[in-house]
Amino acid sequence: MADIINARDLRAGNTFTYNNNLYLVIENSFNKTAMRQGIVKCRVKNLRTGAITTEVLTGEKVEKIILDIIKMQYSYEDGDNFVFIDNTTYETIEIPKNRMQYEANFLDENVEVTINKYGDEILGISLPDQIVCTVAKAEDAVQGNTVNTAQKKAWLSSGYEITVPQFIKSGEKVVIDTKSGKYVGRN
């Protein structure tokens, strides 16, 4: 049974379907004038494409949905897919690489992620806010550069380039903020 609600009842964090799209409400506003019906403007993220748009839902009714959220662990790369495993049921899910271009930069062995599903459709993954990754290669420190904020380039095992302090060496584990993609500290 579908949960049909009035668009003015949507709040940030709600998920709903509208015009055959799945949306996550980022923020919304309701404007009511004396002579007109209320106008609902929602800033939404399309869960299938990742696009962020503004939808005007004046007097609309939408179907509120609940996503299935599954905790899984990154297992390995298989051709054009990333394979994730559920540690309790040992069920595996394959997600195409082209659906996870940014997230792939931070996938390291045994990283725990959250998989978002709607029915049988996999919408994507959510990474933890901070993640521990291995530095595959780091530039040599510049001798004589003793400034406190001296930085150099380093590359994670995925090939993602980050800026790190001079003392970080190849093979070290570092903590990365997954929202900004920046170095946070040593592990």
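These are my notebook entries on a sheet, the nonpolar cores, the cysteines and the salt bridges of this structure.

**Ground rules**

I am working with a predicted model, where local features need pLDDT of at least 70, side-chain atom pairs count only at pLDDT 80 or more, and totals for chains, interfaces and linings use all residues. Residues are numbered from 1 along each chain as its sequence is written, and side-chain values use heavy atoms, with hydrogens and water left out.

**Entry 1: the sheet**

I looked up the strand order of an open sheet. Its 5 strands run E9-E8-E7-E10-E11, with antiparallel pairing. Strands here are DSSP runs of E, at least two residues long, numbered from the N terminus. Two strands pair if DSSP finds at least two bridges between them.

Which strands sit at the edges? They are E9 (92-96) and E11 (121-126), and each pairs on one side only. I also noted the turn between neighbouring strands, which is 45° on average, direction ignored. The axes behind that angle are lines fitted to C-alpha atoms, and angles run from 0 to 180 degrees between N-to-C directions.

**Entry 2: E7, E8 and E9**

I followed E8 to both of its partners. E7 (residues 68-78) pairs with E8 (residues 81-85) in the antiparallel sense over 5 bridges. Asp 78 stands opposite Asn 81 in E8. On the other pairing, 5 bridges join E8 to E9, again antiparallel. There I found Val 83 opposite Glu 94 in E9. The hairpin of E8 and E9 has 6 residues between the strands, and Tyr 90 in this hairpin takes a positive phi near 60°.

Next I checked the side chains along E9. Ile 93 and Ile 95 point to one face and are buried. Thr 92, Glu 94 and Pro 96 point to the other face and are not buried. Buried means under 20% relative accessible area, exposed over 50%, and partly exposed in between (1.4 Å probe, protein chains only). In a regular strand the side chains alternate between the two faces of the sheet.

**Entry 3: the cores**

I took the largest nonpolar core next. By definition, such a core is a set of buried Ala, Val, Leu, Ile, Met, Phe, Trp, Tyr and Cys residues joined through side-chain atoms within 4.5 Å. This one has 29 residues, and Phe 84, Leu 107 and Ile 125 have the most contacts inside it. Strand E12 (residues 130-138) gives the largest share, 4 residues.

What does Ile 125 touch? Its contacts (heavy atoms within 4.5 Å) include Phe 84, Ile 95, Met 100 and Leu 107, leaving out residues up to four places away in sequence. Another core, of 12 residues, lies apart from the largest one; Phe 16, Tyr 18, Val 40 and Val 44 are among its members.

**Entry 4: cysteines**

I searched for disulfides, meaning cysteine sulfur atoms within 2.5 Å of each other. The structure holds 0. Cys 42 is buried, at 0% relative accessibility. Cys 133 is buried too, at 3%.

**Entry 5: salt bridges**

I counted 5 salt bridges. The criterion is a side-chain nitrogen of Lys or Arg within 4 Å of a carboxyl oxygen of Asp or Glu.

Glu 77 pairs with Lys 97, with the closest N and O atoms 2.4 Å apart. Glu 77 lies in E7 and Lys 97 in the loop between E9 and E10 (112-118), so the pair ties together parts 20 residues apart in sequence. Glu 77 is partly exposed at 46%, and Lys 97 is partly exposed at 26%.

Lys 153 and Glu 161 meet at 3.9 Å, N to O. Arg 186 bridges to Glu 172, the closest N and O atoms being 3.0 Å apart.
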